[in-house]
Amino acid sequence: MADLAESQRKITNLLSMAARARRIVSGSFSVTEAVKKGQAAFLLIAADAATETKNDCRHLAETYKVPFAEGLDRETLGQCLGKEYRAMAALTDAGFAKKLRQLLEEQAMR
């Protein structure tokens with residue numbers, strides 16, 4: 001349990017750093033624009049997002065060949081970004097994206 005909490009803390013810290021560095025966009029419109037413009041390096045979908053939202057995000061990511069994963073909940077994702085709730089976010093920096101993928105893979109192995 002402590003390992004999972006530590007893993008989640010690392011993920012939220014990384015997303016908060018990306019937000020402070022302005023290397024992440026959130027919300028449906030901003031994420032869609034970033035993906036279509038080729039700026040998105042990784043798409044994160046909130047685990048408790050609506051099914052339609054998840055399907056739309058997956059389709060968008062697959063169409064534009066952007067790696068994606070589900071993780072966190074809407075409230076936690078929003079808090080990392082200084083917002084109330086967010087169902088999706090796109091990292092626009094390859095370094096942050098690589099680290100997030102690594103952290104999510106580590107979390108999945110626990």
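**Group meeting: helices and a sheet**

So, let me start with helix 3. Its buried residues pack against helix 2 (28–36), strand 2 (42–45), strand 3 (68–70) and strand 4 (88–91). Before I go on, keep in mind that this is a predicted model.

Which residues of helix 3 are buried? They are K54, C57, L60 and A61. Those four cover an arc of only 130° around the axis, and that puts them on the same side of helix 3. Yes, there is a lysine in that list: K54 counts among the buried residues. Now turn the helix around. The face turned away from the buried side carries the exposed residues T51, E52, H59 and E62.

How about the length of helix 3? The helix runs over residues 51–63, and at 1.5 Å a residue its 13 residues should span 18 Å. The end C-alpha atoms are 18 Å apart, so the model agrees with the expectation. Just after the helix, K65 takes a positive phi of about 55°.

Okay, on to the sheet. Four strands form an open sheet, in the order 1-4-2-3, and the pairing is mixed. Which strands stand at the edges? Those are strand 1 (24–26) and strand 3, and each has a single partner strand, so one side of each is left without a neighbour in the sheet. From one strand to the next, the twist averages 20°. If you want to look at one pairing on the screen, take strand 1 and strand 4: they pair in the antiparallel sense, over three bridges. There you'll find I24 standing opposite L91 in strand 4.

Next, helix 5, residues 94–109. This helix lies across strand 2, strand 3 and strand 4, and runs at about 45° to strand 2. At its start, a side-chain oxygen of D93 reaches to within 2.9 Å of the backbone nitrogen of G95. Helix 5 has 16 residues, and from first C-alpha to last it reaches 23 Å, close to the 22 Å expected at 1.5 Å a residue.

What is buried in helix 5? Here we have F96, A97, L100, L103, L104 and Q107. Looking down the axis, these buried residues fall within an arc of 130°, so they line one face of the helix. On the other side of helix 5, the exposed residues are A94, K98, E105 and M109.

Let me finish with two single residues. The first on my list is S16, which is found in helix 1 (residues 2–20). Is S16 buried or exposed? Its relative accessibility is 18%, and buried means under 20%, so S16 counts as buried. The side chain of S16 reaches the backbone oxygen of C80 at 3.3 Å.

Then there's A34, in helix 2. With 2% relative accessibility, A34 counts as buried. What is A34 in contact with, leaving aside its neighbours within four places in sequence? The answer is V25, Q39 and A40. And here's a pair you might not spot from the sequence: A34 and T92 are 58 residues apart along the chain, and 7.7 Å apart in space, C-alpha to C-alpha.

To bring helix 3 and helix 5 together: the buried residues of helix 3 sit on the same side of that helix, and those of helix 5 line one face. That's my tour, over to you.

Methods: Residues numbered from 1 in each chain as written. Predicted model: local features only at pLDDT ≥ 70, side-chain atom pairs only at ≥ 80, totals over all residues. Heavy atoms only, no water. Helix = DSSP H or I, 4+ residues; strand = E, 2+ residues; numbered from the N terminus. Expected span 1.5 Å × (residues − 1). Buried < 20%, exposed > 50% of the residue type's maximum accessible area, 1.4 Å probe, protein only. Arc of directions from axis to C-beta. Contact = heavy atoms within 4.5 Å. Pairing = 2+ DSSP bridges. Axes fitted to C-alpha atoms, helices over the stretch in contact; angles between N-to-C directions. Polar contact = N/O pair within 3.5 Å; in protein donor to acceptor, adjacent residues only side chain to side chain.
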